[in-house]
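Biologist: Please take a close look with me at one part of this model. I'd like to follow how that part is approached, covered and left along the chain.

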Amino acid sequence: MKKRGIFSGIILIGFGMYFLLERFSLFPSFHTWPTLLFITGIAFLGQAYIGKDYSAILSGVVFTGIGVHFHLASHLSAWPDDISALTFIIALGLLLQYVKTKQALLPTVLLFTLSIIFLFSHRLQQVFTSVTFDSLIHIWPIAFVLLGLYLLFVKKG
């Protein structure tokens, strides 16, 4: 199989199986648009890892992750249904792409850290109910400003 045909092959197989299962009324809860996103993501991941086109990792993780996210959000009441799950999916995609390309470590770590904080912020707020934590939660953007100033003016190179 040619490396450039990996994405097209996986997409055709995945969509073909999707429509066959729909035709025979098998697994009706999976006949939704998140399943099509999932299939597209798997095709991107196949292109990335089989075809060694590592620039497709982020796209693959985002499409697959969003498909899985919407399936789980519709079936599990405990699944987070806000933007924090989506930022985590993007951060995971950046992390997996960094592992292969060794590029963009700082944005990856920052987004991954922020997404973990956003995912667990409600629980953290319950644990730390002190005045200090409540006041810090309102001024956390200052950390971005300070980090940006550090990167622009202090760290040269």
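**Helix 2 and its surroundings**

Modeller: Happily, and let's begin just ahead of the part I have picked: S25 has a relative accessible area of 54%, which is over the 50% cut-off, so S25 counts as exposed. Please keep in mind throughout that this is a predicted model. S25 sits in the loop between helix 1 and helix 2, and helix 2 is the part I'd like to explore. The backbone of S25 deserves a glance too, with a phi near 55 degrees, a positive value in a residue other than glycine. Most residues other than glycine have a negative phi.

After that loop comes helix 2 itself, residues 33–49. A quick check of its geometry: 17 residues at 1.5 Å a residue should span 24 Å, and the end C-alpha atoms are 25 Å apart, which agrees. The expected figure is 1.5 Å times one less than the number of residues, so the multiplication counts steps along the helix. UniProt, in an unreviewed entry, lists residues 33–50 among the ranges it calls "transmembrane region". In the model, residues 33–50 are 94% helix and 0% strand, again with 25 Å between the end C-alpha atoms. The record also places a "domain: LiaI-LiaF-like transmembrane region" at residues 6–45, likewise from an unreviewed entry. That span is 78% helix and 0% strand, with its end C-alpha atoms 10 Å apart.

Which residues of helix 2 are buried? They are P34, T35, I39, T40, G41, A43, L45, G46, Q47 and A48. Helix 1 (6–23) and helix 3 are among what covers these buried residues.

Two of those buried residues lead us into the core. L45 and A48 join A56, I57, V61 and I89 in the largest nonpolar core, which has 6 residues in all. Helix 2 and helix 3 (57–75) each supply at least two residues of this core. I89 is a useful member to follow outward, with contacts to V61, V62, G65, I66 and H69 once residues up to four places away in sequence are set aside.

Aromatic rings make further links to helix 2. The whole structure has 5 aromatic pairs. In one of them, the rings of F7 and F44 have their centres 4.7 Å apart and their planes at 50 degrees, so the pair is tilted. F7 belongs to helix 1 and F44 to helix 2, so this pair ties together parts that are 37 residues apart in sequence. Both rings keep some accessible area: F7 is partly exposed at 25%, and F44 is partly exposed at 22%. F44 clears the burial limit because buried means under 20% relative accessible area.

Another tilted pair joins W33 and F70, with 5.0 Å between the ring centres and 55 degrees between the planes. W33 is in helix 2 and F70 in helix 3, so the pair links parts of the chain that are 37 residues apart. F70 is partly exposed, at 32% relative accessibility. Returning to F7 and F44, ring pairs link them with F63 into a cluster.

Now for the way out of helix 2. G51 lies in the loop between helix 2 and helix 3. What is the relative accessible area of G51, and is the residue buried or exposed? The value is 9%, so G51 is buried. G51 and G5 are 46 residues apart in sequence, while their C-alpha atoms are 8.8 Å apart in space. Beyond the loop, residues 57–77 are another range in the UniProt "transmembrane region" listing. In the model these residues are 90% helix and 0% strand, with the end C-alpha atoms 29 Å apart.

To set helix 2 in its context, the chain has 7 helices and 0 strands. Of its 157 residues, 24% are buried. Among contacts with a separation of 6 or more, 57% are between residues 24 or more positions apart. The F7–F44 and W33–F70 ring pairs, each joining residues 37 apart in sequence, give you two places to start when you look at helix 2 on screen.

Technical notes
Residues numbered from 1 in each chain as written. Predicted model: local features only at pLDDT ≥ 70, side-chain atom pairs only at ≥ 80, totals over all residues. Heavy atoms only, no water. Core = buried A, V, L, I, M, F, W, Y, C linked by side-chain atoms within 4.5 Å. Buried < 20%, exposed > 50% of the residue type's maximum accessible area, 1.4 Å probe, protein only. Helix = DSSP H or I, 4+ residues; strand = E, 2+ residues; numbered from the N terminus. Contact = heavy atoms within 4.5 Å. UniProt positions renumbered as here; feature names shortened; annotations may be inferred. Phe/Tyr/Trp six-rings, centres within 6.5 Å; stacked < 30°, edge-to-face > 60°.
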